[in-house]
Amino acid sequence: MKIVLASNNRGKLAELQAMFAPLGVELIRQGDLFEGEAPEPHCTFVENALAKARFAAERTGLLAIADDAGMCVSHFGGLPGVDTAYYCTQFGYEKSDDNNVRALLEQMQGVADRRAAMVSTLVGVRSAKDPEPLIAMGRVLGEITTERRGTQGFGFDPVMYIPELGQTFAEMDPAVKHAHSHRGRATLQMIELVRERWVR
């Protein structure tokens with residue numbers, strides 16, 4: 001079964017493909033099929049993920065899965081949230097994972113409340129007009145470190161510390177991260193939904 005992943009993020013594709021492999025599903029990055037990205041005008045993860053999934057399904061005619069994920073920092077009232085990927089641009093930096101981490105560490109200097117949640121919402125559709133999208137959500141609580149730790153992963157992984165594991169996501173073996181991350185939790189739910197609803 002081929003499913004288009006409504007993302008151009010290669011790190012996200014690699015993580016999700018590894019977790020979907022047991023189903024015999026081949027995830028294809030949308031950027032390998034067409035150019036452009038869906039608008040993401042909404043303020044919640046689920047609405048943006050649904051918009052992206054519908055867009056990819058419409059463009060390709062394939063089943064589509066979209067992920068909208070981000071960091072919700074307690075000190076910032078849950079922001080940056082859906083604007084996580086562009087977080088650093090509001091501080092004059094060019095959009096990149098490295099600059100996002102740099103900007104977050106700068107904005108968190110001297111802040112005592114370092115609690116944060118990483119949230120992942122996966123939405124799957126059979127077509128652009130699917131009235132019954134599959135929705136899976138994963139959330140993990142942690143703390144923002146004061147400096148980068150580890151070299152694995154992508155995004156905010158080097159500064160997202162998970163107290164019960166004593167490591168940042170970037171310090172974890174990928175299998176450990178998949179088992180405990182927000183995306184891992186959402187993906188396990190989505191795999192069960194796909195198995196139940198889409199696999200024949």
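**Exercise 1.** Leaving aside its neighbours within four places in sequence, which residues is Ser120 in contact with? Place Ser120 in the predicted model and describe its surroundings.

*Solution.* Begin with the location: Ser120 belongs to strand β4, which covers residues 115–125. Next, consider the accessibility, which is 0% in relative terms, so Ser120 counts as buried, given that the cut-off for buried is under 20%. Then list the contacts, which, without the neighbours within four places in sequence, are Asp67, Asp68, Ala69, Ala136, Met137, Gly138, His182, Arg183 and Ala186. Finally, look at the side chains, where a polar contact of 2.7 Å links the side chain of Ser120 with the side chain of Asp67.

**Exercise 2.** Find how many aromatic pairs the whole structure holds, and describe the geometry of each.

*Solution.* A search of the whole structure gives 2 aromatic pairs. One of them consists of Phe34 and Phe55, whose centres are 5.8 Å apart and whose planes make an angle of 65°, an edge-to-face arrangement. Phe34 sits in the loop between β2 (26–29) and α2 (45–60), while Phe55 sits in helix α2, so this pair ties together parts that are 21 residues apart in sequence. Both Phe34 and Phe55 are buried. For Tyr87 and Phe91, the ring centres are 5.2 Å apart and the planes stand at 65°, so this pair is edge-to-face, because an angle over 60 degrees counts as such. Here the accessibilities need separate treatment: Tyr87, with a relative accessible area of 4%, is buried, whereas Phe91, at 32%, counts as partly exposed.

**Exercise 3.** Identify which lysines lie over the face of Tyr86 and of Phe169.

*Solution.* Take Tyr86 to begin with: Lys95 lies over the face of this ring, at 4.4 Å from the ring centre. Turning to Phe169, the residue over its face is Lys177, at 5.9 Å from the ring centre.

**Exercise 4.** Trace how β5 is paired with β4 and with β6, and state what covers the buried residues of α3.

*Solution.* Start with β4 and β5, which run antiparallel and are joined by 10 bridges; within this pairing, Arg115 stands opposite Glu143 in β5. Continue to strand β6 (residues 160–162), which pairs with β5 in the antiparallel sense over 2 bridges, and where Tyr161 is the bridge partner of Glu143. Now turn to helix α3 (residues 97–107), in which Asn99, Asn100, Val101, Ala103, Leu104 and Leu105 are buried. The elements that cover the buried residues of α3 include β3 (63–73) and β5 (134–144).

Terms used. Residues are numbered from 1 along each chain as its sequence is written. This is a predicted model: local features need pLDDT of at least 70, side-chain atom pairs count only at pLDDT 80 or more; totals for chains, interfaces and linings use all residues. Side-chain values use heavy atoms; hydrogens and water are left out. Helices (H or I, at least four residues) and strands (E, at least two) are DSSP runs, numbered from the N terminus. Buried means under 20% relative accessible area, exposed over 50%, partly exposed in between (1.4 Å probe, protein chains only). A polar contact is a pair of N or O atoms within 3.5 Å; within protein, one must be able to donate a hydrogen and the other to accept it, and residues adjacent in sequence count only if both atoms are side-chain atoms. Rings of Phe, Tyr and Trp (its six-membered ring) pair if their centres lie within 6.5 Å; planes under 30 degrees apart count as stacked, over 60 as edge-to-face and the rest as tilted. A charge sits over a ring if NZ of Lys or CZ of Arg is within 6 Å of the ring centre and within 35 degrees of the ring normal. Contact means heavy atoms within 4.5 Å. Two strands pair if DSSP finds at least two bridges between them.
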